[in-house]
Amino acid sequence: MQLALFSIFSLLMLAFALGVILLRNPVSCAMSLVMSFVALAAVFVTLDAYFIAVVQVLVYAGAVMVLFLFIIMLLDLREEKRRRVRLSAWVGGGIVVGGFLSALTQVISALPALDVVKPAVSHPMANDVALVGFALFRNFNLPFQIIGVLLLVATVGVVLLSKKELK
Amino acid sequence: MPTLAHYLIVSGLLFAIGLGGVLLRRNILIIFMGLELMLNAANLSLVAFSRFNLLADGMPNYNGQVLVFFIITVAAAEVAVGLAIIVALFRAKQTTHVEDLNTLKF
């Protein structure tokens, strides 16, 4: 049952991710990316990471992709006209991606814990959000504050970048 | 039951698709979407490792999930700044096609 759910959602995720890089229209690419993120959230649920799954849908599929769509509409991007297909780019890209995949297969097949079945958690109904919150605010309080500063800096930077003329 | 290898393979495939998008597409916005895919692939393997390496009390290792939380936050900030840069670029050059942006090319 779990394997079926995992397979369905990971196949959906990979198919929509392929759609992102194969479709011509930027809006279709963005919608495909949204679906890929939602399917990834479902894969997170099969890993009992409910909080991360919710954040994935809220932040990625919600906020980030709305921003993407907003910019696509703002720039009024049309469907790409078929530019000449550059053979060198495709050959180079194929070599890099193929090399990465073969290196990855080697690493994964050499893993000692290759077929470890998922161990059962001791409290399957535990409050996932509370546990992540404990880890976040007890062990990672300083990084949490720093990430807040990072968000502030990003906000100020975006406002500065978006000004019509920089003085 | 899916094993750790299943999750790592799916994560690697997702990363490869994102990398392919970054290398092959010419539209700067689609390149940016490829970057997002790669970040998500990293998140997937982190959550998988956190779930498969239980702590002594039998609960998942939540440090991995906190790291994923940080990655999502940084990715959101990165998207905001990157899209602002793309808009500024579009204002200056009227294009999002990377082959038309060759001012710095040697």
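Helices (H or I, at least four residues) are DSSP runs, numbered from the N terminus; strands (E, at least two) are named likewise. By that rule A:Asp128 sits in helix H5 of chain A.

This is a predicted model: local features need pLDDT of at least 70, side-chain atom pairs count only at pLDDT 80 or more, and totals for chains, interfaces and linings use all residues. Residues are numbered from 1 along each chain as its sequence is written, chains are lettered from A and ligands numbered from 1 in the order in which they are written, and side-chain values use heavy atoms, with hydrogens and water left out.

**A:Asp128 and its surroundings**

A:Asp128 is buried (under 20% relative accessible area; exposed is over 50%, partly exposed in between; 1.4 Å probe, protein chains only). A:Asp128 has no salt bridge. A salt bridge here is a side-chain nitrogen of Lys or Arg within 4 Å of a carboxyl oxygen of Asp or Glu. Lys and Arg count as positive, Asp and Glu as negative; His and the chain ends are not counted. The nearest side chain of opposite charge to A:Asp128 is B:Arg51, 8.7 Å away. A polar atom of the A:Asp128 side chain lies 2.8 Å from the backbone nitrogen of A:Phe51. Contact means heavy atoms within 4.5 Å. Leaving aside neighbours within four places in sequence, A:Asp128 contacts A:Asp48, A:Ala49, A:Tyr50, A:Phe51, B:Tyr62 and B:Gln65.

**Salt bridges**

The whole structure holds two salt bridges over all chains.

| Pair | Closest N to O distance |
|---|---|
| B:Arg51 and A:Asp48 | 2.7 Å |
| B:Arg26 and B:Glu99 | 3.6 Å |

The pair of B:Arg51 and A:Asp48 crosses between chains. B:Arg51 is in helix H2 of chain B, and A:Asp48 is in the loop between H2 and H3 of chain A. B:Arg51 is buried, with a relative accessible area of 4%. A:Asp48 is not a glycine, yet its phi is positive, near 60°.

The pair of B:Arg26 and B:Glu99 ties together parts that are 73 residues apart in sequence, because B:Arg26 lies in the loop between H1 and H2 of chain B and B:Glu99 in the segment after H3 of chain B. B:Arg26 is partly exposed at 22% relative accessible area. B:Glu99 is also partly exposed, at 23%.

**The nonpolar core**

A nonpolar core is a set of buried Ala, Val, Leu, Ile, Met, Phe, Trp, Tyr and Cys residues joined through side-chain atoms within 4.5 Å. The largest one has 67 residues. A:Phe68, B:Leu29, B:Met33 and B:Leu44 have the most contacts inside it. Chain A gives two or more residues from each of H1 (2–22), H2 (26–46), H3 (50–75) and H5 (128–139). Chain B does so from H1 (4–24), H2 (28–52) and H3. Beyond four places in sequence, B:Met33 touches A:Val20, A:Pro26, A:Cys29, A:Ala30, A:Leu33, A:Phe68 and A:Ile72.

Elsewhere, A:Ala154 belongs to helix H6 (residues 141–162) of chain A. A:Ala154 counts as buried at 11% relative accessibility. Among residues over four places away, A:Ala154 touches B:Ala77 and B:Val81.

**Helices of chain B**

The expected span of a helix is 1.5 Å times one less than its number of residues. H3(B) has 32 residues (62–93) and should span 46 Å; its end C-alpha atoms are 46 Å apart, which agrees. H1(B) has 21 residues and should span 30 Å, in agreement with end C-alpha atoms 30 Å apart. H1(B) is mostly covered, with 15 of its 21 residues buried.

H3(B) is followed by B:Gln94. B:Gln94 has a positive phi of about 60° although it is not a glycine. B:Gln94 counts as exposed, at 56% relative accessibility.

Terms used:
Polar contact = N/O pair within 3.5 Å; in protein donor to acceptor, adjacent residues only side chain to side chain.
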